[in-house]
Structures are given as C-alpha cells and as structure tokens.
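Reader: I have a model open on my screen and would like to walk through it with you. Could you help me find my way around?

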Amino acid sequence: MIPLLKMAFRDLGRNRRRSFFSSLALAIGLALLLLMAAIIQGEMGSALDATIRLQSGHLQIRAKSYDESKTSLKWDDLVENPDQVAEQIASLPPVTVATPRLFASGIISVRGESVGVRVFGIDPLSEANTPYRLGLISGEFLTPDDREGLLIGQPLADKLGLKAGDKISLSVNTSNGDVAEQLFAIRGIYSTQTNAFDSVTVFLPLAKLQTITQTENHASTIFVLLKDSDQADAVAAALLTSDYKVLTWEKMNELIVQYEDMANAYMVIFYLIVLAITATVVVNTLVMAVFERTREIGILSAIGMKSRRIMAMFLTESSLLAMGGIIMGLILGSLVVAYFAKYGFYIGNFGITGMLIGNTIYAELTLKDTINLTVLAFVVTLLAGLYPALLAAYMDPVEALRGVK
Amino acid sequence: MEVARIENVTRIFKTGKVETQALRGVSLSIESGEFTALVGPSGSGKTTLMQLIGCLDQPTSGQVYINGKDVSKLNRNQRADMRRGTIGFIFQFFALIPTLTAYENVELPLLLNGHSASERRERVSQLLRSVDLIDRAAHRPDQLSGGEQQRVAIARALAPKPTLILADEPTANLDTLNGKQVMETMMQLNQDTGVTFVFATHDPRVISYARRVITLQDGLVVENSKAEKLGIGI
C-alpha cells in the first residue's frame with residue numbers, strides 16, 4: 001500500500017496549512033487528555049499514598065471486635081501487648097516497620113472554644129511516624145516519656161490561634177466510658193500538607209494516651225508498612241491468627257479505589273467529548289478535500305480504482321492526519337504534564353470525606369494512560385474519517401468526472 | 001475481432017421530474033484496431049455513448065458488449081475491474097493526478113493491476129519514450145504543457161495494454177500544434193500496437209485523422225462511414 005501512502009501524504013501537502021491546523025486540533029485535544037489523565041492519576045496516586053503513609057499503612061492488625069467508627073477503647077476491642085506483637089511482625093522480612101497506635105476521640109478546649117479531634121497515641125521513636133516528624137513546622141516532636149505534651153496540626157492551630165508552648169485542655173474517652181480531662185502543652189505544630197488530616201488529628205505519646213484512657217498495655221492497631229505494597233495480601237495471610245483481624249490497604253481504602261473507578265468512568269466520557277470535537281475538524285478537512293478532488297476521484301475510478309481502494313486512500317489521509325496530530329499531541333502533552341509534574345496544581349484546602357488529598361496535585365502520567373489515549377485518539381479520528389472516505393468511494397464516476405457532486 | 005458492440009442502447013437522465021433522453025436506441029460495432037471518430041454537435045450523446053462503452057455508466061435499456069462480454073448489468077466493482085484491464089481513457093481536461101509525477105501517473109494503472117516493480121519500470125519507460133516525454137518523467141503535471149500532459153494521459157491509458165482507448169475531445173483544450181502532436185501520437189500508437197482508438201470530437205481537423213466516422217445527432221447514429229484515406233493532418 002506504499003503508493004496509497006505516498007498519494008495520501010502528497011494530497012495532505014497540497015494544503016499544508018489546513019492539514020497542519022487539523023492535526024493541531026487533534027494535538028491540542030490529545031495534550032489536554034494526557035494532562036487530565038495525569039492529574040487524575042496524580043490526585044488518586046497522592047490520595048492513596050497520603051492515606052497509606054498518614055493513616056492506614058499497608059496493613060493493620062486489630063482485635064476482631066474493634067469497630068473503627070466507634071473508636072472503641074474497651075480492652076476486648078484492643079490488641080493486648082502491642083509492643084510484643086509489633087516486634088514480632090517487624091521481624092518479618094517484607095515488613096519495613098510495625099508500630100502500635102491507639103486512637104481515641106477527644107475534644108480540645110481553649111479560651112471557651114471547643115473542637116472535636118481524633119487523638120493518635122504513637123510511639124514517637126518509630127520510623128512509621130517520620131511523615132509527622134518531617135512535617136513539624138514549629139516546636140519540637142514528642143518524646144516517648146513526655147507526659148504533658150502533644151502535637152497539633154497547623155490548620156487547627158491557626159483556627160484556634162495557638163502556637164507551640166500554649167496550653168490547651170484535652171478531654172478524651174476512657175476504656176470504661178468516662179471522660180478524662182487534662183491540660184497539655186503544645187510541643188509542636190505539624191503539617192502534612194493534607195488539610196483533612198491535619199485539621200482533626202492530635203498526637204500524644206502512646207504511653208501517655210494509654211494512661212489517660214486507662215488502656216495500659218493495649219493499642220487500637222498495629223500499623224504496618226511493607227517494602228512492597230503488592231505483598232500486602234501475602235503478609236496478611238501469614239499474619240492471620242484466631243485472635244486478630246488483618247486489614248490490607250486495599251480493604252481500608254476502598255473508598256479511594258471506588259472513587260478512582262468512578263472518576264475513570266467519567267473521564268472516558270470526557271475523553272470522547274474532546275475527541276469528538278477534534279474529529280469534527282478532521283472530518284471537515286477531509287470532506288473539503290473530497291469535494292475539491294471530485295474530478296480526480298472520477299479519474300481514479302475511470303482508470304479502474306475500486307471503491308474500497310479510494311476509501312483506503314482517504315482513510316490513509318485520516319491516519320496520516322491522526323499520526324501527525326498524535327505526535328504533536330504527545331510532545332505538547334509531555335511538556336505540559338512535565339510542567340505540572342514539577343510544579344503541581346495548588347488546590348488548597350480541598351478534601352472529600354474519607355480521602356486525604358494533599359494541597360497540591362502533581363501530574364503523573366502513566367504509560368498505560370498514554371498508550372490508551374493515543375490509541376483512542378487514533379481510532380476516533382479514523383472512525384471520523386470513514387464518512388469522507390465513503391463519500392469519495394461511492395461517488396458516481398460519471399458525475400465525478402464532470403466535477404459535480 | 002469485435003471489441004465493442006452496442007445493441008439498441010438508450011440512456012435517459014432524470015433531473016428531478018425532467019427526463020432527458022441522451023441516447024435513443026443506438027446500435028453499432030467497433031472492430032479491433034479501429035481509429036474511429038465519434039462526431040456530432042454538443043448534446044448529441046457522444047460523451048454518454050463513450051461512458052457506456054467505457055463501463056463508466058449503464059444503459060437505461062439495450063446491451064453493451066466489450067470483448068464479447070455483456071457489461072450492461074455489471075455492478076460497480078465489476079465495471080471497475082473491466083475498466084482497469086480493458087479500457088483506457090483520455091479526457092478533454094488533462095486528467096492527471098496533480099500530486100503524482102508524469103512517471104507515477106503512467107505507473108498508476110500498473111500498480112492497480114498488480115504489476116511487479118521491474119515490469120512497471122520497463123513499461124512506463126517504454127511508454128514515456130513512445131510519447132516522447134522520457135526526459136519529463138520526474139515532472140509534475142503543473143510543470144508540463146497542456147500537450148505534454150495529454151501525451152502523459154495517452155501513455156497512462158496505454159499502460160495496462162487495453163484493447164480499447166476512449167478519448168473524449170482529446171484536443172479540445174490544445175492549440176493547433178499540440179493538438180496535431182497528440183493526434184499523431186495516437187495514430188502512431190494505433191498503428192504500432194494495434195490498440196483500438198475511439199475519439200469523440202467535433203473538430204473537423206481531428207475528424208480528418210479518423211479511418212471511420214460515426215456521426216451522432218439527438219441521441220441517434222445518423223451516419224456511420226469509413227473514411228477513404230488516412231488523415232491528412234491538422
């Protein structure tokens with residue numbers, strides 16, 4: 001089919017500007033789609049990453065009866081001897097870190113204002129808490145034996161007008177259903193750049209939270225990070241005992257996974273709308289070409305070129321326009337994506353309940369998205385090219401030779 | 001041997017509710033090796049008849065036989081096949097593909113017929129030599145004169161070794177000198193290769209080349225005569 005390719009290429013060259021702008025329309029469309037896909041991927045990727053790092057980990061070991069929504073502190077609902085359990089889990093080769101955490105509901109009161117918070121009891125020395133330590137923006141991080149200090153997030157500190165060193169009153173539920181209240185000093189203020197997390201989470205040393213909630217030697221969960229997230233199921237299976245339940249990151253972050261599926265479904269509609277618009281430009285160009293070349297189509301038909309070959313010639317032109325557009329689109333798209341991968345989009349305080357989204361989305365283009373969108377753009381353009389190709393192929397040769405259509 | 005036979009052919013064109021009868025029952029036969037002029041005033045049905053013989057169109061009634069085969073009822077693709085192997089066309093306008101060089105234009109029917117690269121090379125070179133345009137092979141149509149373009153069209157029409165070449169007013173857009181050159185080229189090729197030429201014209205200087213003249217008027221053959229001598233030139 002080389003002669004067809006040559007003819008199609010030269011035909012497009014007859015009106016270079018028109019061909020260029022048709023391809024450019026496709027290029028801009030494709031670049032836009034690549035950027036959108038990269039943003040969605042970046043948003044989803046960072047949401048999942050943030051949630052795993054800050055909240056869920058790759059695995060959590062909990063007591064069978066523990067109900068996360070109730071933040072129960074009853075001994076039966078907690079993991080006993082958590083340090084020992086964590087140590088055993090940490091000794092497994094795929095595990096990076098395992099650390100006990102205790103969760104409690106609390107209320108911070110200061111100057112007559114009260115705010116509900118989640119209180120995290122953490123081992124300040126554990127590597128698992130590095131993201132919080134690195135996020136410290138003023139004051140100091142907690143130490144294991146600190147009995148009067150806590151960390152609060154920046155949005156909460158800003159809201160309540162607090163700074164490191166200030167004293168606040170914290171009330172928490174206890175294991176027997178009472179409420180315990182104590183005055184704490186703000187040791188430090190942290191920011192994980194994730195507003196939904198920072199505005200509601202307060203950190204206390206694990207030992208202190210155990211004391212105040214009367215849950216000595218107990219933890220809500222063992223938070224586990226793995227070297228490879230794909231090993232979560234295998235490690236979970238290995239850890240399964242009759243005493244505890246093991247939750248994987250996929251199970252704990254079902255909402256994000258579902259949201260991603262939903263976003264992907266919407267994106268397909270968006271992709272098709274954008275491509276339909278660019279395809280219209282290509283159709284317009286080729287329909288004009290068909291009308292301009294009516295007599296030539298008649299000549300080709302007269303010398304015995306069959307309809308399907310004439311059709312193939314115009315489809316080849318569509319393919320060339322599509323390929324030109326796709327190459328330009330990939331270059332343009334890569335540049336735009338590279339910019340937003342480096343500098344990101346600042347979205348500020350944007351959150352969806354149950355999802356931790358950073359305040360800046362960094363574009364992240366996957367090879368799969370690139371290939372899918374490229375193929376989609378090509379196929380849609382080719383389908384759009386069918387109409388002008390059929391128009392040319394089924395022209396009456398006599399009328400075409402007269403140059404009328 | 002009979003190359004084309006037309007039996008009682010009519011062709012009616014409908015434009016909206018208006019019917020135009022372009023041919024009203026034409027019968028004629030064209031033998032192999034003829035160099036025949038189809039003459040008549042505008043609207044006499046010359047082009048319609050050429051299109052029917054050329055398998056570009058189908059008659060409203062009657063039969064058209066090409067090399068003994070009834071082509072009146074062939075479908076679109078079958079007619080394309082028939083044209084590709086059997087019939088060459090030369091048009092009044094210089095019907096070359098503007099994006100292809102002279103060489104490539106002549107090569108095109110050979111490509112469609114699936115000839116090998118070496119066969120094509122040999123045949124195209126030979127044809128361009130025979131129309132005296134071998135040194136213009138790499139030129140595109142817009143770099144050729146009208147006469148040169150028409151000679152390329154003749155070479156292209158001859159490329160697939162057809163049994164019949166139909167030329168619709170081949171000199172109408174040419175000056176006297178170029179017209180003469182085109183007619184002489186056609187005549188020479190007719191003598192050298194034996195291929196049948198039928199050309200529609202109303203130019204008396206072109207008619208003079210014909211060995212047989214078929215005259216059409218109002219869609220009917222009014223005269224069908226053999227010229228007594230070969231053309232005397234334009």
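Author: Happily! One term before we start: domain bounds here come from an automatic or database domain assignment. Keep in mind that the model is predicted.

Reader: Which domains does the assignment give for chain A, and how many Å apart are their C-alpha centres?

Author: The assignment splits chain A into domain 1, made of 2–51 + 256–402, and domain 2, spanning 65–242. Taking the C-alpha centres of domain 1 and domain 2 of chain A, the separation is 50 Å.

Reader: Now the contact between the chains. Which element gives the largest share of the side of chain B that touches chain A?

Author: Chain B brings 18 residues to the contact and chain A brings 16 residues. On the chain B side, the elements giving two or more residues are helix H2 (76–86) and helix H3 (102–112) of chain B. By class, that side has 10 nonpolar, 3 polar and 5 charged residues. The largest share, 6 residues, comes from H2(B).

Reader: Why is helix H11 of chain A largely enclosed by the rest of the structure?

Author: Helix H11 covers residues 294–302 of chain A, and its buried residues include Ile297(A), Ile299(A) and Leu300(A). It is largely enclosed because the number of its 9 residues that are buried is 7.

Reader: What do those buried residues of H11(A) pack against?

Author: Both chains take part. From chain B come H2 and strand S6 (87–90). From chain A come helix H12 (307–343), helix H13 (367–393) and helix H14 (397–402).

Reader: And which residue with a positive phi follows H11(A)?

Author: Look just past the helix for a phi near 100 degrees. The residue is Gly304(A).

Note on methods. Residues numbered from 1 in each chain as written. Chains lettered and ligands numbered in written order. Predicted model: local features only at pLDDT ≥ 70, side-chain atom pairs only at ≥ 80, totals over all residues. Contact = placed C-beta atoms within 7 Å. Helix = DSSP H or I, 4+ residues; strand = E, 2+ residues; numbered from the N terminus. Nonpolar A, V, L, I, M, F, W, Y, C, P; charged D, E, K, R; others polar. Buried ≥ 20, exposed ≤ 12 C-beta atoms within 10 Å, placed from the backbone.
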